[in-house]
Amino acid sequence: MTPPSQLRQRVQLAWRTLARELGGFGVVGGIAFLIDLSVFQALYAHAGMGAVTAKLSSTLVSMTIAFVGHRYWSFSHRARTGVKREYLLFAVVNGLTLLLGLALVAFVRYPLGQESAFVLQVANIASIAVGTVIRFFAYRQWVFPVEHAAPAPTPRCEPLDGAA
């Protein structure tokens, strides 16, 4: 195979892999997003829970469902580094994006004085959008890393017959 065709195949494979990961990430994320919104709405608007506590609860529920979906579908072709390690890193990444979401919802609720479920839901959606971008790249880089192939053995140089 010629080097340009090898390069073309590698680029095509990389794009297919990225498209597959983005597609799976989108589907799992969409499901987790709907769960997050539904749980937040149910807890805040209907159960009378505080906005920040409702956001914390909805994120924890959707995060666990997302981990299962991403590990066993979106990034299933990547290296397996252990459920404990992956879930710990997944939780750290989600914890950081959760803090971002909590800060945004708390800012809108308290300093801005907004109590409307609609306004708080908009703040919630904004925090989810920013967190989604952060999570995709963090999952690819740290949580579900690419499995690195073992390096090819280096050929040994043998002296030619008759050479001293």
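Helix 1, helix 2, helix 3 and helix 4 each contribute at least two residues to the lining of the largest pocket. The largest share of that lining, seven residues, is supplied by helix 1. The volume of this pocket is about 330 Å³. Of its 22 lining residues, those closest to the centre are Ala32, Asn94, Ile128, Thr132 and Arg135. Rolling a probe the size of a water molecule over the atoms shows where empty space is left. A pocket is here an open set of points on a 1 Å grid over the protein atoms alone, where a 1.4 Å probe fits, with protein on both sides within 12 Å along at least five of seven lines; lining residues have an atom within 4 Å of a point. The volume is the space filled by probe spheres set on the points, which are joined across faces, edges and corners.

The model is predicted, so local features need pLDDT of at least 70 and side-chain atom pairs count only at pLDDT 80 or more, while totals for chains, interfaces and linings use all residues. Residues are numbered from 1 along each chain as its sequence is written, and side-chain values use heavy atoms, with hydrogens and water left out.

## Overall architecture

The protein chain has four helices and zero strands, and its elements run α-α-α-α from the N terminus on. Helices (H or I, at least four residues) and strands (E, at least two) are DSSP runs, numbered from the N terminus. Gly50 lies in the loop between helix 1 and helix 2 and is partly exposed, at 35% relative accessibility. Its C-alpha atom is separated by 9.9 Å from that of Phe40, 10 residues apart along the chain.

Of the 164 residues of the chain, 32% count as buried. Buried means under 20% relative accessible area, exposed means over 50%, and partly exposed lies in between (1.4 Å probe, protein chains only). The chain exposes about 10,300 Å², of which carbon and sulfur atoms supply 70%; such areas come from the Shrake-Rupley method with a 1.4 Å probe. Among contacts (heavy atoms within 4.5 Å) between residues at least 6 apart in sequence, 72% join residues at least 24 apart.

## Salt bridges

Side chains of opposite charge can pair when their charged atoms come close. The structure holds six salt bridges, a salt bridge being a side-chain nitrogen of Lys or Arg within 4 Å of a carboxyl oxygen of Asp or Glu. Three of these pairs are listed below.

| Salt bridge | Closest N and O atoms |
|---|---|
| Arg140 and Glu21 | 2.5 Å |
| Arg71 and Glu86 | 2.4 Å |
| Arg80 and Glu86 | 3.5 Å |

The pair of Arg140 and Glu21 links distant parts of the chain: Arg140 is in helix 4 (residues 117-143) and Glu21 in helix 1 (residues 3-46), 119 residues apart. Arg140 is partly exposed, with a relative accessible area of 24%, whereas Glu21 is buried at 0%. Glu21, Arg78 and Arg140 are linked in a network of salt bridges.

Glu86 appears in two rows of the table, with Arg71 and with Arg80. Arg71 in helix 2 and Glu86 in helix 3 are 15 residues apart, and this pair also links distant parts of the chain. Both Arg71 and Glu86 are buried, and the relative accessible area of Glu86 is 0%. Arg80, by contrast, is partly exposed at 36% relative accessibility.

## Aromatic pairs

The structure holds 14 aromatic pairs. Rings of Phe, Tyr and Trp (its six-membered ring) pair if their centres lie within 6.5 Å; planes under 30 degrees apart count as stacked, over 60 as edge-to-face and the rest as tilted.

One edge-to-face pair is formed by Phe67 and Phe90, with 5.1 Å from centre to centre and 70° between the planes. This pair joins distant parts of the chain, as Phe67 belongs to helix 2 (residues 51-74) and Phe90 to helix 3 (residues 83-109), 23 residues apart. Phe67 is buried, with a relative accessible area of 6%, and Phe90 is buried at 0%.

Phe136 and Phe137 form another edge-to-face pair, at 5.3 Å centre to centre and 75° between the planes. Phe136 is buried at 6% relative accessibility, while Phe137 is exposed, with a relative accessible area of 52%. These four residues belong to one aromatic cluster, formed by Phe25, Phe67, Phe75, Tyr87, Phe90, Phe136, Phe137, Tyr139 and Phe144.
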